[in-house]
Amino acid sequence: MEEIILTQEGYDALVEEYNLATTVKRKEIAEALKEARSYGDLSENAEYDAAKDAQAELEERISKLEEMMKVAKVVDANTDKNKVDVGAKITVEFVNKDGKKEKKEFSIVGSAESNPFAGKLSNESPVGRGLMGHKKGDTVEIQLKEKTATYKIIDIQR
């Protein structure tokens with residue numbers, strides 16, 4: 001796995017998920033397996049099969065989380081506050097599909113943290129990549145799938 005870029009918030013969320021998975025969820029699955037075994041014949045025991053599947057999925061997720069934590073690069077929130085970079089919260093103005101100017105606020109994060117519905121754009125997305133390195137007041141044209149969009153950077157915060 002190659003290096004993944006995370007904000008401190010994203011890294012902390014990974015650690016929290018890992019801790020929950022290795023303590024609470026492992027115990028819950030072990031209890032489910034123990035209970036399913038008590039039902040007798042394991043060859044036709046749907047509860048046992050479901051618990052084994054859940055255990056395999058959990059162990060796979062734990063392994064992935066461990067690998068992600070090993071290769072994670074946490075961005076320094078004290079980098080140039082005047083430029084768009086991973087960890088920046090930015091406000092942009094653009095013309096929406098109805099032809100009206102609209103302001104939108106979002107954070108630029110690494111691809112592992114990306115969640116557009118929560119206002120977290122990946123630095124590898126077309127908009128995120130297009131805004132990277134620009135400053136407050138810059139107007140940036142970004143080629144999207146079917147059109148070119150123009151974004152004006154109104155504010156950058158850390």
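# Questions about a predicted model

Colleague: Is Glu 57 buried or exposed?

Modeller: The relative accessible area of Glu 57 is 57%. Buried means under 20% relative accessible area, exposed over 50%, and partly exposed in between (1.4 Å probe, protein chains only). At 57%, then, Glu 57 counts as exposed.

Colleague: Before we go on, which atoms do the side-chain values use?

Modeller: This is a predicted model, in which local features need pLDDT of at least 70, side-chain atom pairs count only at pLDDT 80 or more, and totals for chains, interfaces and linings use all residues. Residues are numbered from 1 along each chain as its sequence is written, while side-chain values leave out hydrogens and water and use heavy atoms.

Colleague: Okay, how many helices and strands does the protein chain have?

Modeller: Going along the sequence, you'd meet the pattern β-α-α-β-β-β-β-α-β-β. Helices (H or I, at least four residues) and strands (E, at least two) are DSSP runs, numbered from the N terminus. The protein chain comes out with three helices and seven strands.

Colleague: What percentage of the protein chain counts as buried?

Modeller: Picture the C-alpha atoms filling a box of roughly 70 × 35 × 25 Å along the principal axes. The protein chain has 158 residues, and the buried share is 30%.

Colleague: Back to Glu 57: how far is it in space from Ala 72?

Modeller: Glu 57 sits in helix α2, which covers residues 46-71. Along the sequence, Glu 57 and Ala 72 are 15 residues apart. In space, C-alpha to C-alpha, the gap between Glu 57 and Ala 72 is 22 Å.

Colleague: And at what angle do α1 and α2 pack?

Modeller: Helix α1 takes in residues 8-37, and its axis lies 9 Å from that of α2. Axes here are lines fitted to C-alpha atoms, for helices over the stretch in contact, with angles from 0 to 180 degrees between N-to-C directions. The two helices pack at about 160°.

Colleague: So what does that make α1 relative to α2?

Modeller: Angles under 35 degrees count as roughly parallel, over 145 as roughly antiparallel, 65 to 115 as roughly perpendicular and the rest as oblique. The angle of about 160° between α1 and α2 therefore makes them roughly antiparallel.

Colleague: What is the distance between the C-alpha atoms of Leu 20 and Ile 62?

Modeller: Leu 20 belongs to helix α1, and it counts as partly exposed because its relative accessibility is 39%. Leu 20 and Ile 62 are 42 residues apart along the chain. Their C-alpha atoms, though, are separated by 9.9 Å.

Colleague: Let's do the sheet. Which strands stand at the edges?

Modeller: It's an open sheet of five strands with mixed pairing, in the order β5-β4-β3-β7-β6. Neighbouring strands are turned by 45° against each other on average, direction ignored. Each edge strand has a single partner strand, so one side of each is left without a neighbour in the sheet: these are β5 (120-122) and β6 (139-143).

Colleague: Starting from β6, what is the bridge partner of Glu 141 in β7?

Modeller: β6 and β7 (residues 148-157) pair in the antiparallel sense over five bridges; two strands pair if DSSP finds at least two bridges between them. They form a hairpin with four residues between the strands. Gln 143 has Thr 148 as its bridge partner in β7, while for Glu 141 the partner is Thr 150.

Colleague: Which residues make up the covered face of β6?

Modeller: β6 has two faces to sort out. Thr 139, Glu 141 and Gln 143 form the uncovered one. The covered face of β6 consists of Val 140 and Ile 142.

Colleague: Which residue takes a positive phi in the hairpin of β3 and β4?

Modeller: β3 (residues 89-95) and β4 (residues 101-109) pair antiparallel over seven bridges. Val 95 has Lys 101 as its bridge partner in β4, and Glu 93 stands opposite Lys 103. Five residues lie between the strands of this hairpin, and the one with a positive phi near 85° is Gly 99.

Colleague: And in β7, what is the bridge partner of Thr 91?

Modeller: β3 and β7 run antiparallel, joined by six bridges. Within β7, Thr 91 has as its bridge partner Asp 155.

Colleague: Last one: what stands opposite Ile 108 in β5?

Modeller: β4 and β5 pair in the parallel sense, over three bridges. Opposite Ile 108, in β5, stands Leu 121.
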